[in-house]
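Colleague: I should be grateful for a close look at a single part of this model, beginning with a side-chain pair and following the surroundings outward from there. Please keep the account connected.

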Amino acid sequence: MSPAKPVGPVSPVGPGSSGSPVRPVGPVKAVLFDRDGTLVHDVPYNGDPERVRPVEGAREAVALLRARGIRVVVVTNQSGVARGLISGTDVRRVNRRIDDLLGPFDVWAICPHGPDDGCHCRKPQPGLVLWAAGRICTDPADCVVVGDIGADTEAAARAGAHGILVPNARTRPEETEAAAHTAPDLLTAVRSLLDDPALDGPAPGGPHDGGARSGQHPATTAPAPSGEAPDPCRRSS
């Protein structure tokens, strides 16, 4: 594995870019974490809360963000639901255990669909990131997605957000090489963006590229009210 690349300001140039540095953005307002392999050790299709084990530094990393007033969100593919290996209730039980261990997250955004379902919320599609950002009334450009595989950083780029890859044993070398920002562990990733939060602009591919159009929507642990849900970002006059 190649040495970790810094999270601080760089000027990547890639397909679709003009060749000039991308304009830096302001301070990060929200961090969207992948779940399995990023916040907690990956147990494939886990439906047992007792098997949840946070990765080293996870609690401190999340606490640092909360202390700075930065929103914390989880965006996670859970295809075990579509495969019939776990239920939606199993996923919620595991998520509640993670909330117990790491403190409650502001939003849980879950894609329960399989890779062949044509779903636009399943990472690397951007829908999950866009939906989560909308739930906390934050522009994707002010969000950072932290994950352990290329699908996480690709989803960030397609949504117009920023991505940090924290490689582990299942991360492919080519995913590490392709990532604009990497960190050796979760706590280092969070400390780096807090030390220098002016990350470069969205990765090539453009904001909101291929947004959620399929009519399928990510699941959340909080059920929507019956009838038309109010816009959470609309201010009363």
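Modeller: A polar contact is a pair of N or O atoms within 3.5 Å; within protein, one of the two must be able to donate a hydrogen and the other to accept it, and residues adjacent in sequence count only if both atoms are side-chain atoms. The model is a predicted one. With that criterion in place, the side chains of Arg172 and Glu174 form a polar contact of 3.0 Å. Arg172 belongs to the loop between β5 and α5, the latter spanning residues 173-178. Its relative accessibility is 45%, so Arg172 counts as partly exposed.

The link from this pair to the next residue of interest is a distance: the C-alpha atoms of Arg172 and Asp148 are 9.6 Å apart, with these positions 24 residues apart along the chain. Asp148 occupies the loop between β4 and α4, where α4 covers residues 150-159. Is Asp148 buried or exposed? Asp148 has a relative accessibility of 0%, and therefore counts as buried. Its surroundings can be listed once neighbours within four places in sequence are set aside: Asp148 is then in contact with Asp34, Asp36, Gly37, Thr38, Leu165, Val166, Pro167, Asn168, Arg170 and Thr171.

The strand β5, at residues 162-165, also leads to helix α6, for β5 is among the elements that cover the buried residues of α6. The N-terminal end of this helix is capped by Asp185, which places a side-chain oxygen 3.3 Å from the backbone nitrogen of Leu187. Within α6, at residues 186-195, the buried positions are Leu186, Leu187, Ala189, Val190, Leu193 and Leu194. Viewed down the axis of α6, these residues lie within an arc of 160°, so they line one face of the helix. The general background is that an α-helix has 3.6 residues a turn, so residues three or four places apart point the same way. Besides β5, the cover over the buried residues of α6 includes β1 (30-33), α1 (58-67) and β4 (143-147).

One residue of α6 deserves separate mention. Arg191 is located in this helix, and its relative accessibility of 41% means that it counts as partly exposed. Although Arg191 and Ala61 are 130 residues apart along the chain, their C-alpha atoms are separated by 7.5 Å. Apart from neighbours within four places in sequence, Arg191 is in contact with Glu60 and Leu64.

The discussion passes from here to α1, which packs against helix α2 (residues 88-102) at an angle of about 75°, with 9 Å between the two axes. Because angles of 65 to 115 degrees count as roughly perpendicular, α1 is roughly perpendicular to α2. Where do the two helices meet? On the α1 side the residues are Ala58, Arg59, Val62 and Arg66, and on the α2 side Asp100, Leu101 and Leu102. By class, this contact comprises 4 nonpolar and 3 charged residues, with no polar ones.

The strands β1 and β4, already named as cover for α6, also pack against the buried residues of α3, as do β2 (71-77), β3 and α4. In α3 those buried residues are Gly127, Leu128, Val129, Leu130, Ala132 and Ala133.

The loops on either side of α3 carry notable backbone geometry. In the loop between β3 (107-111) and α3 (127-135) sits Pro124, joined to Lys123 by a cis peptide bond with omega about 20°. After α3 comes Cys137, with a positive phi near 55°, in the loop between α3 and β4. Cys137 is not a glycine, and with a relative accessible area of 41% it is partly exposed. Tyr45, likewise not a glycine, has a positive phi of about 55°; its place is the loop between β1 and α1. The relative accessibility of Tyr45 is 41%, so it counts as partly exposed.

These local details belong to a chain of 237 residues, 46% of which count as buried. The secondary structure amounts to 6 helices and 6 strands, arranged along the sequence as β-α-β-α-β-α-β-α-β-α-α-β. Among contacts with a separation of 6 or more, 72% involve residues 24 or more positions apart.

How values were computed: Residues are numbered from 1 along each chain as its sequence is written. This is a predicted model: local features need pLDDT of at least 70, side-chain atom pairs count only at pLDDT 80 or more; totals for chains, interfaces and linings use all residues. Side-chain values use heavy atoms; hydrogens and water are left out. Buried means under 20% relative accessible area, exposed over 50%, partly exposed in between (1.4 Å probe, protein chains only). Helices (H or I, at least four residues) and strands (E, at least two) are DSSP runs, numbered from the N terminus. The arc is that of the directions from the helix axis to the C-beta atoms. Contact means heavy atoms within 4.5 Å. Axes are lines fitted to C-alpha atoms, for helices over the stretch in contact, and angles run from 0 to 180 degrees between N-to-C directions. Angles under 35 degrees count as roughly parallel, over 145 as roughly antiparallel, 65 to 115 as roughly perpendicular and the rest as oblique. Ala, Val, Leu, Ile, Met, Phe, Trp, Tyr, Cys and Pro count as nonpolar, Asp, Glu, Lys and Arg as charged, and the others, Gly among them, as polar.
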